[in-house]
Amino acid sequence: VVDAKNLRFQLNRHRDSSSFPEAFLQIAFADVVILNKVDLVSQEQSEGALEELENEIHSINSLANIIRSIRCEVDLSQILNRQAYDATHATHLEALLEESKSLSSGDLHDSGVCTLCINQTEAVDLHKVRLWIEEILWDKKYGMDVYRCKAVLRVGNSDQLHTLQAVREIYEIVPTRQWRNEEKQMNRIVFIGHNLDENILIDTFRGCI
């Protein structure tokens, strides 16, 4: 839950601090962000102000679903039992990745907390992908602090679409379903974190082919 009236102030606090405000981390890890007290914003500013806040949230975590609310009144079905980490719940993940595929380093938030998406058409070696993601998440080899990662993978010698989901050092790669005939088989990977380097991620991922 974020306070629509005070969110921008909370996000701007990092400019005067050596650490990140809690708001950044909460947004980065969230599957759903409730933008509360929208009535207070709309009373003083235009509708465009809420859209700007939503854009700022998505610049940190493009995968988060944003729900506007007043006094935290929301439909519980929108936030409970979402199966966000259920391997069988791949359709929603694929849709989110499709929406995020145009992201690049141009979407960096000035805090350094951002979302990056890399796309690759060639099939990958699953063992190499595991080594690659472990170097990033476990060894911090490239100095990047990854909060979350979600991906659809095209694995060589397999007709199965694989999904990757990670939170901090914990990750899972599983086959979820067969690729459909009309689908373009490719890898789409979204990283949410701090000090992400798009060039390093792209170059090192090519080593998984």
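## Close-up views of a predicted protein chain

**Figure 1. Overview of the protein chain.** The protein chain contains 7 helices and 8 strands, where helices (H or I, at least four residues) and strands (E, at least two) are DSSP runs numbered from the N terminus. The model is predicted, so local features need pLDDT of at least 70 and side-chain atom pairs count only at pLDDT 80 or more, whereas totals for chains, interfaces and linings use all residues. Residues are numbered from 1 along each chain as its sequence is written, and side-chain values use heavy atoms, with hydrogens and water left out. Of the 209 residues, 45% count as buried; buried denotes under 20% relative accessible area, exposed over 50%, and partly exposed the range in between (1.4 Å probe, protein chains only). Among contacts (heavy atoms within 4.5 Å) with a separation of 6 or more, 74% are between residues 24 or more positions apart. The exposed area of the chain is about 10,700 Å², of which carbon and sulfur atoms supply 46%; accessible areas come from the Shrake-Rupley method with a 1.4 Å probe, and for residues only the protein chains shown count as cover.

**Figure 2. The five-stranded antiparallel sheet.** An open sheet of 5 strands follows the order S4-S8-S5-S6-S7, with antiparallel pairing; two strands pair if DSSP finds at least two bridges between them. S4 and S7 occupy the edges and have a single partner strand each, so one side of each lacks a neighbour in the sheet. Neighbouring strands are turned by 10 degrees against each other on average, direction ignored. Axes here are lines fitted to C-alpha atoms, for helices over the stretch in contact, and angles run from 0 to 180 degrees between N-to-C directions. The antiparallel pair S4 and S8 is held in register by 8 bridges, and cysteine 114 has glycine 193 in S8 as its bridge partner. Helix H6 packs on this sheet, touching S4, S5, S6, S7 and S8, and its direction makes about 150 degrees with that of S7. Helix H7 lies across S4, S5 and S8 and runs at about 30 degrees to S4.

**Figure 3. The hairpin of S6 and S7.** Strands S6 and S7 run antiparallel and are joined by 8 bridges. Histidine 162 stands opposite proline 175 in S7. The two strands form a hairpin with 2 residues between them, and arginine 168 in the turn has a positive phi of about 55 degrees. Arginine 177 also belongs to S7. This arginine 177 counts as buried because its relative accessibility is 16%. Its side chain makes a polar contact of 2.6 Å with that of glutamate 183; a polar contact is a pair of N or O atoms within 3.5 Å, where within protein one must be able to donate a hydrogen and the other to accept it, and residues adjacent in sequence count only if both atoms are side-chain atoms.

**Figure 4. The nonpolar cores.** In soluble globular proteins, nonpolar side chains tend to be buried together. A nonpolar core is a set of buried Ala, Val, Leu, Ile, Met, Phe, Trp, Tyr and Cys residues joined through side-chain atoms within 4.5 Å. The largest core has 25 residues, and those with the most contacts inside it are Trp132, Leu153, Ile189, Phe191 and Phe205. At least two residues of this core come from each of S4 (113-120), H6 (126-137), S5 (145-154), S6 (160-167), S7 (170-178), S8 (187-194) and H7 (198-206). H6 gives the most, with 5 residues. Not counting residues up to four places away in sequence, isoleucine 189 touches residues including Leu116, Ile118, Trp132, Leu153 and Phe205. A second, separate core of 24 residues includes Leu7, Ile27, Leu50 and Leu53.

**Figure 5. The three-stranded parallel sheet and two loop residues.** Another open sheet has 3 strands in the order S1-S2-S3, with parallel pairing. S1 and S3 (65-68) are its edge strands, each pairing on one side only. S2 (residues 32-36) and S3 are paired in the parallel sense over 4 bridges, and valine 33 has isoleucine 66 in S3 as its bridge partner. Asparagine 6 is found in the loop between S1 (2-3) and helix H1 (7-12), and is partly exposed at a relative accessible area of 33%. Its C-alpha atom is separated by 9.4 Å from that of lysine 37, 31 residues apart along the chain. Glutamate 73 is found in the loop between S3 and helix H5 (90-100), and counts as exposed at 61% relative accessibility. The C-alpha atoms of glutamate 73 and lysine 37 are separated by 9.9 Å, with the two residues 36 apart along the chain.
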